[in-house]
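Here are a few exercises to work through with the model open. Try each task before you read its solution.

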Amino acid sequence: MGDPYILMLIALTVLAIIDLVVGVSNDAVNFLNSAIGSKAIPVKKILIIASIGVFVGSVTSSGMMEVARKGIFVPGEFYFNEIMYIFMAVMITDILLLDVFNSLGMPTSTTVSIVFELLGAAVAMALIKIYTTDNGETFVNLGKYINTETATFIIFGILLSVIVAFSIGAIVQFISRLIYSFHIENRPSYINALFGGFAITAITYFIVIKGLKGTPFKDNIDGYINGNIWLILIGGFVIWSIISQLLISVFKVNILKLIIGIGTFSLALAFAGNDLVNFIGVPIAAWDSYTAWQNSGQAATEFSMAVLDKKVSANFIYLLIAGAVMVVTIWTSKKAKTVIETGINLSRQGEGHERFQPNTLSRLVVRAAMGINVGISAIVPKKTLAFVDSKFQKPVIELSKDKTYEMPAFDLIRASINLIVAGILISVGTSLKLPLSTTYVTFMVAMGTSLADRAWGRESAVYRVAGVLNVIGGWFMTALVAFVAAAIVAYLINLGGIVMVGILLLLVFGLIARNSVNLTKKTKEVKKQEYIERAELITINGVIEESADHISGVINRVNKLYTHVVNDLANHDLNKLRKTDKHVGKLNDEIDGLKDGVFYFIKSLDETSVQGSRFYIMVLGYLQDVAQSISYISRASYKHVNNNHKNLKKGQIKDLKSIDIELSELLTKEAEIFENRDLDDLNDLLIQKNELLKNVSESIEKQVARIRTDETSPKNTTLYFSILLETKDLISALINLLQTYEEFHLTTKQSK
């Protein structure tokens, strides 16, 4: 009887390790973003600080494990086999959910996932008991099985944290900016010292002292702390302010960098203390359940799990192992090493390429905010507005005689506020046994501080608001999907028992393997894409190199896409045409992204290379013409087949394939020329392309002759002419591109 449950425990252990790795990979940026984004501390030192914080936090997270045992459901109302089904459903769903959401690129929260998975699986099992047991219970008795009060308190705490984190982040950042402005170096040292005293005192109290509540020392210090809270806070503030002043005056320490380091440690500690339950809470509860059942000697279907109601500290060894796995993941995971762009994109001070597209709701929100701003401006005295505006004036650094750059917006002040406020909020939630979402808190604090810091200007607000709304929408989707999916999985396990568990585990591992393969492919694709690094000045040689890379990349892709369209159209293959059209869309988006960055490209040119800006703009224009031509050809072909129109005639297909062969040969040579930077052979290529243009014109004349004799399909004629005309435009754009590049290349060589 025990064998199936031993297998379940083994499976839960494996799933817990996977969940730790995947979860930490997703969540590590919550406490790394601000430190890495501000570039205040070298990355390796940041990882060392975060590792120490995670390890300490994991050891002090024992108290949070109660959430998985009894926070959501009433364990005494379930038997051992039912509890094991619930726990298996939760862990399987958690892995599947993370895999699916990661594959879709949608934001997710491990805290929200685990809470709603526990709730969904428990509700499903409770309903099964109600409707399969002849005890007179109905749906109204569901509250008997679910810890409604605690579950509601937890869910409300998660949702409230979104509003609280955003509001407090905005308020604290606004006040901090009024004190510091953007001219940090001009502030008196005592302001830095007082800020350091406040920040470190907050960390000391909320992180260290509150963190001890999860350790065996809790009972020894509780009485002293509760009776001397104000003495500890005021004394800590005075002591740390004095220490900060000494560090600034005597040792010339940048106290803001020190705060960022301590803040990273505190947020990592708070993350581990709060989120470890998401990864190992369920397996530990399952092990405790199994041990209690084994000692009882009762049947699995008769042993009540009221034992989970008792408070039991998690095994210290388990916490140590989990902490070690989390630390290793931070250092080895590719995701953990890469700063997630979403948070930085939505909170950066400067303008740039926006990841999210505006929608109706974001436009309405921005218009409403502008209206409120106008109203406030009419009420507040002009002198007050002028004073506030002066504190938000960003300085510029002169790089050359006629050129300036704005300071990086993600400065030390905002990074400090992000870390301190998020760490305090998460620690307070942890001390109250609320499994707050670290993702929600850190993200919303960052959004609040960026709003207060005027990072969302007229040119970016509608995009940033759309991004925030998309992220929050993804959070609510996570909760809904987690609840429903866990309920379904629990029902399936109840039906199929250990066999169904095996099937679902195979599905989990299959999806993980598929996701790993897809991630590898995406990584390779990203490596192939060349982007301009605008942090450094670009020389004229840099313009030539970058342009050659973009041209060769686009030509290679257009070559493949054109061949795919012709072949798929010949075979009347709708599915392949649909896939090709998606790839064409990606190409257009990438070129649009390059065009959106022209402003920053021009700003990044050094003084001797400004004449290269006109050339670069023309190159991007021709590349866009090429992409639009292949896009029109792909879309027209897909539409033709999707509408079930007649196949092209054999003569038409033959002509298209002949053009494709010639075009492919020439595009291959052209790509090689740009890849090898052998730009002296462009003239011969121009002659061959003109010959190809003549062949396309001849194909048009052939089709005119067909119409006069035996052509009977107007739809075929429309498509065929469209393809040929767009092919001419595509070739013409490439010829213009080659001529422009050759002229610029010769001019550059002569000027040297």
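**Exercise 1.** Find which residues R187 is in contact with, leaving aside its neighbours within four places in sequence.

*Solution.* Start with the cut-off: contact means heavy atoms within 4.5 Å. With those neighbours set aside, R187 touches I179, Y180, S181 and K391. Next, place R187: it sits in the loop between α7 (148-180) and α8 (189-211). Helices here are DSSP runs of H or I with at least four residues, strands are E runs of at least two, and both are numbered from the N terminus. Finally, check exposure: with a relative accessible area of 23%, R187 is partly exposed, as buried means under 20%, exposed over 50% and partly exposed in between (1.4 Å probe, protein chains only).

A word on the model: it is predicted, so local features need pLDDT of at least 70, side-chain atom pairs count only at pLDDT 80 or more, and totals for chains, interfaces and linings use all residues. Residues are numbered from 1 along each chain as its sequence is written, and side-chain values use heavy atoms, without hydrogens and water.

**Exercise 2.** Check the span of helix α3 (residues 43-59).

*Solution.* Take 1.5 Å times one less than the number of residues. For the 17 residues of α3 that gives 24 Å, and the end C-alpha atoms are 25 Å apart, which agrees. Among the buried residues of α3 are I46, L47 and V54.

**Exercise 3.** Which residues have the most contacts inside the largest nonpolar core?

*Solution.* A nonpolar core is a set of buried Ala, Val, Leu, Ile, Met, Phe, Trp, Tyr and Cys residues joined through side-chain atoms within 4.5 Å. The largest has 137 residues, and F87 and I92 have the most contacts inside it. Helix α19 (residues 461-528) gives the most to this core, 20 residues.
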